[in-house]
Amino acid sequence: MSTRTDILTSPARKTTQTTELPPIVCFGIPRWEGSSYLSSTVQLMKELARTQRVLYVDYPYTYKDLFAAQRGQDAGIPLAELKGQAPRLQSRQLADGSTVQLLRLPPFAPANFVSHNWLHDQILAWNARRTIKAVRAALAELGWRQPIVVNAFNPALGNQLAEQLDESLLVYYCYDEISAAPWMAKHGARHETAFLQRADLTLVSSAGLYRNKKAAARACALVKNGVDLGVFQTTGERPTDLPSTPIIGYIGSVDDRLDYDVLQTVAETHPDASLVFLGRIMDEAAAQRMRRFPNVYVLGPRPIDQLGNYLAAFDVGLIPFVKNDLTAGIYPLKINEYLALGLPVVSTDFADLSDFRAVAAVANDTTSFLSATAQALAGAGLGTKDERIAFAEQNSWAGRAEQIVDLLVAGSRTVSAS
C-alpha cells in the first residue's frame, strides 16, 4: 500500500480504445435487482461491465431479512441464495449484452443498531470473515486474481476486508456524508476516518464531499453522478394514475431530506396544479402531512422502466431538499433525470449546484422557490427543452465510467510504483 497524499482529478474523456483493468470487485449497499430506485453504484458497475470484468457483491442481507422473506414479507429477497439452496454466484446478462457476476453473501448478523463500539465491531468482524470466505471462493471459481476492490459507502466492512482479497487497488466510493446519515451515524464516521487512510483512492460524487474528504484521503477524485439516458425513454402514454391537471413533480424518496414547509406552500399556492411525489415512502408521517391537500398525490415507487412516461407528464421537476450537513454532500441524481426529459427544474440551494445554473433555477428562500415554480409552470423555466436535454446528454453514466477507468489506471500505476 502506498502512503501518497496527492489529489487525483480527471476530466471526462472521449476514447475509442478499451483499457483492460484487473477484475473489479464492488461491495455495494444497493440491491442489484428488485430495487425501486436508481442507484449510482449499480449504474456505474453496469457501465464498467461494458468493458471490464465486474463482480458485484450484493446488498448484505441480514438474518432479519431472511426471516422476513420466510414469512413472505419481502418477495424481493433472494431466499434460495441466502439459505444456500441456489448458487450464490450467478451471471447476469445486461441489456447491452455485457455480463456482470453477482454474488449474494451468507446472511449477516445485524450490527448497525448496536451502540457499543466494541460489540458492534465484534459482530462486524464475524460478518467480515464470512464475506472473505465467500468472495475468495467466487474469485477462485471465476479464475480472477488481484482484483481492484471498490467499497461503496460501507467503510466499516471495508476496514475489515482491507488486504484480505489480494487486491491490487483499494477504492472507496463515497456518495453521501456518512456522519449525517441516520442509519450509519453510530459507527460510520469513525470507520470512515480510518478507511480514508487505508484506501488507495477515494471517489466522491459531489463538490461538497470532495471538500470534506480530500484532506483526510490518501488520494481523492471527484466523479459526479450521471444519468442513464436509456431509462428515461417514453412511449408517449400518460400513466393512468396521474391527474389531468398540470403537474409539479418530484421523483425520489419521501424522507427527511425534503422541505415540507416549502412543499406545503407550493401545494397551497397552485390549487389548479397537482403536486406529485414518485418514489419510496420512507417517512409515512410526512407523506400523510402532504396527502391532506386535495391536489397532492403521493404515489410511491413505480417500476424503473416506466419512469420515462411519468416524468414526461411532469410540467416541472422539483428538488426541494432542506439545507443541512447531509444534503450539502449530495449531487442529486434526479436533476439530470429531469433534464433528460427536457423538464424545467426548480431546486433549493441545499448544495453546490453551480454546474446547473444555466438550465435549473436554484432558489435560496421560499419566495424565490415559489416564483421559479410559477415561471416554470408558465413555460418560462431556465433554458429551452433542447438545451436541457443536451445538457443531460453530457452527463451520461458512460462518460462517468470512462473517468473512473482513467482514475483506476492512474491509481494502479501509482501503487505499483510505490
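In which sense, parallel or antiparallel, do strands β1 and β2 pair, and over how many bridges? In this predicted model, β1 (residues 24-27) and β2 are parallel partners, held in register by four bridges. One pairing to look for is I24, whose bridge partner in β2 is V54. Getting from β1 to β2, the chain passes through helix α1 (residues 40-48), and this β-α-β crossover is right-handed.

Strand β2 (residues 54-57) is covered on both faces: V54 and Y56 are buried on one side, and L55 and V57 are buried on the other. Besides β1, β2 also pairs with β4 (residues 99-103), again running parallel, this time through three bridges. Here Y56 has L102 of β4 as its bridge partner.

Further along the chain comes another sheet. Six strands make up this open sheet, with parallel pairing and the order β11-β10-β9-β12-β13-β14. The edges belong to β11 (296-298) and β14 (360-363); each has a single partner strand, so one side of each lacks a neighbour in the sheet. On average, neighbouring strands in this sheet are turned by 20° against each other, ignoring direction. Within the sheet, β12 (residues 316-319) and β13 (residues 345-348) pair in parallel over three bridges, and L318 sits opposite V346 of β13.

As for confidence, the chain has an average pLDDT of 93, and 96% of the residues score at least 70. Residues 1-16 are another matter, with pLDDT below 50, although the model gives this stretch 41 contacts beyond near neighbours in sequence. Where pLDDT is low, predicted coordinates shouldn't be read in detail.

Note on methods:
Residues are numbered from 1 along each chain as its sequence is written. This is a predicted model: local features need pLDDT of at least 70, side-chain atom pairs count only at pLDDT 80 or more; totals for chains, interfaces and linings use all residues. Side-chain values use heavy atoms; hydrogens and water are left out. pLDDT is the predictor's confidence in each residue, from 0 to 100. Contact means heavy atoms within 4.5 Å. Buried means under 20% relative accessible area, exposed over 50%, partly exposed in between (1.4 Å probe, protein chains only). Helices (H or I, at least four residues) and strands (E, at least two) are DSSP runs, numbered from the N terminus. Two strands pair if DSSP finds at least two bridges between them. A crossover is right-handed if, with the strands pointing away from the viewer, the path from the first strand over the helix to the second runs clockwise. Axes are lines fitted to C-alpha atoms, for helices over the stretch in contact, and angles run from 0 to 180 degrees between N-to-C directions.
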